Amino acid sequence: MSRPAKAIIKLDALRANYQLAKDLTQGQVVAVVKADAYSHGAIQCAQALSRQADAFAVACIEEALELRKNGINHPIVILEGFFEPAEVDQIQYYQLDSVIHCHEQLAILERSRLTHPIRAWLKMDSGMGRVGFMPHEYRQVWQRLNAIEKVKDIVLMTHLACADEVGIRHTVEQLEVFEKATLGLPGERSIANSAGIVAFPRAHSQWNRPGLMLYGVSPFPNSHAIEQRLKPVMELRSRIISIKDIAVGSSVGYGSNWVASRATRLGIVAIGYGDGYPRHAKNNTPVWINGQRVPLVGRVSMDMITVDLTDLDNPCVGDGVVLWGEPLPIEEIARCADTIPHQLLCNLNRVPVAYSSVAHIQGTEDPVSESA
Ligand SMILES: *Cc1c(COP(=O)(O)O)cnc(C)c1O
């Protein structure tokens with residue numbers, strides 16, 4: 001038998017979450033599948049959404065070409081745009097949409113010999129403080145871009161810094177800056193990420209850009225009603241590979257940072273930070289075994305974790321374990337590791353990924369039989 005660590009991706013859940021983004025915004029929805037669809041597999045996810053999706057977005061041209069070469073003919077937006085002139089040829093050839101966020105990109109485009117019409121997404125820094133043209137120069141840049149003959153279409157775009165903090169003013173200020181600086185400019189708009197889609201109807205526009213919520217994960221640091229409507233797409237699973245009984249006072253793991261305060265039945269599970277399970281998960285981070293939560297104890301190793309099985313009825317080597325997914329929200333695991341779910345997902349490594357179109361795979365008894 002091979003090592004039992006595995007990620008199961010539920011494509012029906014992905015489709016349902018996409019539809020939820022559609023229902024919430026009423027506009028077009030660009031499925032953000034950068035970073036290999038937050039480790040869910042960009043090709044598989046894009047193919048699963050191909051009937052529904054209005055467009056896809058990725059970070060860079062390499063990610064875009066991977067989709068084109070696997071039969072995705074939808075509009076694909078490159079969120080960081082291009083880095084050098086040679087990429088512009090590919091953007092034209094493969095009919096990709098590029099974000100233009102800086103003067104260097106604008107200059108490259110002006111000097112390029114364009115033969116095919118392209119669509120550009122002109123990005124404003126309305127308060128994110130990262131990439132994008134400043135509001136005061138935006139109109140002038142728009143005119144230069146619009147003067148390039150083959151640029152057929154310009155989408156006006158910005159990105160929100162704090163949409164996951166419901167109730168603070170920053171997002172409203174960003175929206176006001178963007179609205180003012182684009183007043184009277186023709187073209188469609190694109191503003192909202194997942195948090196903007198859920199929490200700021202005013203950020204909805206013709207092109208909305210959800211990432212995290214497509215994967216069934218709430219974009220908010222605190223619990224939020226949307227969690228009830230999102231369906232987790234990834235389930236990270238493994239199995240117990242060893243069980244031992246240890247005496248009071250025995251220490252467990254690197255640094256011996258956990259010491260048994262009672263006679264303890266210890267389970268060893270084949271998952272570790274080499275797979276993307278967070279090394280900083282604290283003692284008592286929940287792990288799901290046989291329909292129950294049990295606490296992580298001791299430090300996370302590269303290939304293994306240790307859990308306290310003392311309160312379980314008859315645990316056995318080979319029992320299925322869920323690290324995050326349907327019964328155990330990844331949002332909660334992220335909090336236990338002082339990080340955000342995006343990072344946990346992106347750090348996924350080494351584990352085989354299996355795809356399922358069935359929304360609910362029963363229990364944890366047979367975690368790996370429906371592999372792709
Ligand atoms: C990553 C990204 C998104 C998606 O963000 P989520 O918070 O995952 O919904 C949207 N827009 C841009 C520009 C991005 O870089």
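Which of the 14 residues around the ligand come nearest? In this predicted model, the residues that come nearest to the ligand are K34, Y38, S194, G211 and L212, out of the 14 that surround the ligand. For three of these residues a polar approach to the ligand can be described atom by atom. The side chain of Y38 places an N or O atom 2.6 Å from an oxygen atom of the ligand, while a polar atom in the side chain of K34 is found 2.7 Å from a ligand oxygen atom. At G211 the backbone is involved, with one of its polar atoms lying 2.8 Å from an oxygen atom of the ligand.

With regard to the overall arrangement, the protein is divided into two domains, domain 1 covering residues 11-218 and domain 2 covering residues 234-371. The centres of domain 1 and domain 2, taken over C-alpha atoms, are separated by 36 Å. Contact between the domains involves 13 residues of domain 1 and 13 residues of domain 2, and the area buried between them amounts to about 1,200 Å², with carbon and sulfur atoms giving 62% of this area. On the side of domain 1, L11, S39 and H40 together supply 39% of the area that this domain buries against domain 2, which is more than any other three residues supply.

As to the polar component of this interface, the count of salt bridges between domain 1 and domain 2 is 0, whereas 4 residue pairs in polar contact, with both residues at pLDDT 80 or more, are found across the interface. Helices α1 (11-25) and α2 (34-38) each supply at least two residues of the side of domain 1 that touches domain 2, and of the elements contributing to that side α1 gives the most, with 3 residues. In composition, the residues on the side of domain 1 that touches domain 2 divide into 5 nonpolar, 6 polar and 2 charged.

Although salt bridges between the two domains number 0, the count for the model comes to 18. One salt bridge is formed by K22 with D54, whose closest N and O atoms are 2.5 Å apart. Because K22 lies in helix α1 and D54 in the loop between α3 (42-48) and β3 (55-58), this pair ties together parts that are 32 residues apart in sequence. Helix α1 therefore holds K22 of this salt bridge, and α1 also supplies 3 residues to the side of domain 1 that touches domain 2.

Definitions and conventions:
Residues are numbered from 1 along each chain as its sequence is written. This is a predicted model: local features need pLDDT of at least 70, side-chain atom pairs count only at pLDDT 80 or more; totals for chains, interfaces and linings use all residues. Side-chain values use heavy atoms; hydrogens and water are left out. Domain bounds come from an automatic or database domain assignment. Contact means heavy atoms within 4.5 Å. Buried area is the accessible area (1.4 Å probe) that two parts lose on being put together, summed over both. A salt bridge is a side-chain nitrogen of Lys or Arg within 4 Å of a carboxyl oxygen of Asp or Glu. A polar contact is a pair of N or O atoms within 3.5 Å; within protein, one must be able to donate a hydrogen and the other to accept it, and residues adjacent in sequence count only if both atoms are side-chain atoms. Helices (H or I, at least four residues) and strands (E, at least two) are DSSP runs, numbered from the N terminus. Ala, Val, Leu, Ile, Met, Phe, Trp, Tyr, Cys and Pro count as nonpolar, Asp, Glu, Lys and Arg as charged, and the others, Gly among them, as polar. A residue is near a molecule or strand if one of its heavy atoms lies within 4 Å of it.
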